[in-house]
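Reader: Please take one part of this model and look at it closely. I would like to know how the helices there pack and how the charged side chains pair.

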Amino acid sequence: MAATPDRPSAATPRRKAGRHRGEGQWAAGHFTPLNANEQVKKDDDGLNVRTRIETIYAHRGFDSIDGADLRGRMRWWGLYTQRKPGIDGGKTAVLEPEELDDEYFMMRVRVDGGRLTTEQLRVIGEVSQEFARGTADITDRQNIQYHWIRIEDVPEIWRRLEAVGLSTTEACGDTPRVIIGSPVAGIAEDEIIDGSRAIEEIQRRYIGSKEFSNLPRKFKTAISGSPLLDVVHEINDVSFVGVRHPEHGPGFDLWVGGGLSTNPKIGVRLGAWVPLDEVPEVWAGVIGIFRDYGYRRLRNRARLKYLVSDWGPEKFRQVLETEYLKRELTDGPAPEQPVQQWRDHIGVHRQQDGRYYVGFAPRVGRVDGATLTKIAELAEAHGSGRVRTTVEQKMIVLDVDQDQVESLVSGLEALDLRVKPSPFRRGTMACTGIEFCKLAIVETKERGSALIDELERRLPDFDQPISINLNGCPNACARIQVADIGLKGQLVTDRDGNQVEGFQVHLGGTLGLEPAFGRKVRGLKVTSAELPDYVERVLRRFQEEREDGERFATWAARASEEALS
C-alpha cells in the first residue's frame, strides 16, 4: 500500500515530528503541504484531471481551465502550456505565468525504451500534421513532443495514440517519467542483457498507478544492458546498468541519485547486482523511498539526488533493503569502460540475427510529422516494422536485410537524415528553446542547426567525436554540463553594450565511468552571433594541441584559459 497523506505504509511508520517542520518528508510524519505545488497535489491527484479535460475543458475551451489544473495537474497527462509568441528572453523571469501562457499546449508522447512500431510512428506523424502544425521533435529522453495543441483536440489525440498502444500518461509532472532504455535492446550483437522485459513490467504495474503519482518531484529511470552505456545512466534518479556477475551471470548494476539542472550531481553505485526479474521490484523500492523520504519543503531541493547526497549510498541501500525489499541485495561488479566514444548507434550495424540496424541523425532532434510518416513508410518498404529513438535525439531502423541496407540509406539521406553524419551533425543537441518553452531565455533549435552548417563548412576535415549541447536556460534539459561544449542560454552584453542572446560556456563535460562536469572559464560568455567563430576557434586549438588519441574533454581539462577563450 502506498504511503499517502492520510495513511503511511507499514514500511514508512509515522514518526513524531521534531520542533521544526523539517523537509516535508512523509516518512518523518510531515504531511502538511509546505508549498503551493504540494497543496495542489494534496487537493487532487494529477491523474484525475483527465476526466475534466475530456468532459469539461475540451468542450468549453481554454478559458474554462482551472489554474491549478492548467499549470499543475495537466502535466500528469503530458501537457504544458507553451510560450506566447513574441515575448523576449529578458521577460522570462519577470512576467507572471498567465502572461507567458499561450492558449496552446506542448504535448509529450511517452516512448519508453525508445521503442516504436512503424504503425505507431505513422500515427504520431498523422497526429502531428492534423493537430500540431507539423511539429514532432525527438527529445533527448526518447520522447516525441508536439506543439500548438488545442485543448479541444486532446481527447481525439489520446484516442488515436492509445489505439496503437501509445500514451501521454505521466509524461510530465511529479511522476515516474518515461523509462529510457537501450534503443538496440534485444538485437545488438554485443549486448550484455536485454532489459526490455523490465521496462514493460514497470510500465504495466506502475505507470498510471496512484501508488507513485504523487512524488516530491519528477523521477527519471534508465535501463540498459548495452556495454556502450548508451542511456546516460549517471544522470538519472535510478539506473540499471548491464553487467556480468562472476557467479550469477548477466544482470544490472544499481545506481541512484543522478540529475543535472542548476545543481548537477552524478549518480552513485549502491554496489548491488540485480537480476532481470527483480528489476521492477527494486525500482519500486527506490521510487518508494523517494515518495516517502523525499524532500517536499522546497521545490529546488526535492529531487532524489539531494536525499542520496545527504544519506550516502550505504544508508540508502540499507533503507532499501530493510524497509522496502525486506531482504538483502547481492553485491556486484561495476560496469566496464566502453571501448568507443560514440554511443549513439549511428550508422549500419549487424544484429544478433544477421540482419542490420541503421541509425541516422536528424538536425538537433527537429523533425516533423510528414518526415516521421515517410520514415515509417521507408522502413516498411525495406522490410522493417520497428524503429527506435535515442537519448541523443536520433533514430534507428531495425531488422533490415543486408540486400536492403544500401537502398534504405539512400532513402534516408534523401530526407536529410544522415546515416554517415559529420561529427557536428552527429554530436549537436538542442532543447526546445524560446520558440515554445516558457523557461527559456534564448533560441536553440535553429541556432544549433545553423551552427552545424557553419562548422561543416569551416572544418570539413574535423573527424573527432564532439558533443555540442545548446540549452535555452539554466535547467540543463540538453545536458550542457556533461557535453564537450555545453552552451547555457542567457542574455549577455555585446561589444556595443547591448543586451543580446548568448551563452555561458561549459567545456570538457563527459559521461562514462569517469564522468565530469564541464569547466567554466571565468567570464567566458559568447553572443549568439559570435558562437560559430568561438566554437571554430576552440576546435582548431584542440586540433593543434591534442596529444595522440586524446579526447576533447581530456584536453579541455588541461588546456589554458587562453586556449579555451
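Author: A convenient place to start is Glu 156, which is partly exposed, because its relative accessibility is 26%. Glu 156 forms a salt bridge with Arg 159, and the closest N and O atoms of this pair are 2.7 Å apart. Both residues lie in helix 6, three residues apart, so about one helical turn separates Glu 156 from Arg 159. The model is a predicted one.

Glu 156 also takes part in the packing of two helices. In that contact, Val 123, Ile 124, Val 127, Glu 130 and Phe 131 of helix 5 meet Glu 156, Ile 157, Arg 160 and Leu 161 of helix 6. Sorted by class, the contact of helix 5 with helix 6 has six nonpolar residues, three charged residues and no polar ones.

The geometry of the pair is as follows. Helix 5 covers residues 118-131 and helix 6 covers residues 154-163; their axes are 10 Å apart and the packing angle is about 165 degrees. Helix 5 is therefore roughly antiparallel to helix 6, since angles over 145 degrees count as such. The crossing of helix 5 and helix 6 is right-handed.

The pairing of Glu 156 with Arg 159 can be set beside other salt bridges in the model. Side chains of opposite charge can pair when their charged atoms come close. The structure holds 53 salt bridges. One of them joins Asp 69 to Arg 52, with the closest N and O atoms 2.8 Å apart. This pair links distant parts of the chain: Asp 69 belongs to helix 3 (residues 67-70) and Arg 52 to helix 2 (residues 49-60), 17 residues apart. Asp 69 counts as buried because its relative accessible area is 1%, under the 20% cut-off. Arg 52 has a relative accessible area of 22% and is therefore partly exposed.

Another salt bridge is formed by Glu 200 and Arg 115, whose closest N and O atoms are 2.9 Å apart. Here too distant parts of the chain are linked, with Glu 200 in helix 7 (residues 196-206) and Arg 115 in strand 3 (residues 115-117), 85 residues apart. Glu 200 has a relative accessibility of 42%, so Glu 200 is partly exposed.

Salt bridges also occur as a network. Arg 363, Glu 413, Asp 416, Arg 418, Arg 425 and Asp 453 are linked in this way.

Notes
Residues numbered from 1 in each chain as written. Predicted model: local features only at pLDDT ≥ 70, side-chain atom pairs only at ≥ 80, totals over all residues. Heavy atoms only, no water. Axes fitted to C-alpha atoms, helices over the stretch in contact; angles between N-to-C directions. Helix = DSSP H or I, 4+ residues; strand = E, 2+ residues; numbered from the N terminus. Parallel < 35°, antiparallel > 145°, perpendicular 65-115°, else oblique. Left-handed = near helix turned anticlockwise from the far one by under 90°. Contact = heavy atoms within 4.5 Å. Nonpolar A, V, L, I, M, F, W, Y, C, P; charged D, E, K, R; others polar. Salt bridge = Lys/Arg side-chain N within 4 Å of Asp/Glu carboxyl O. Buried < 20%, exposed > 50% of the residue type's maximum accessible area, 1.4 Å probe, protein only.
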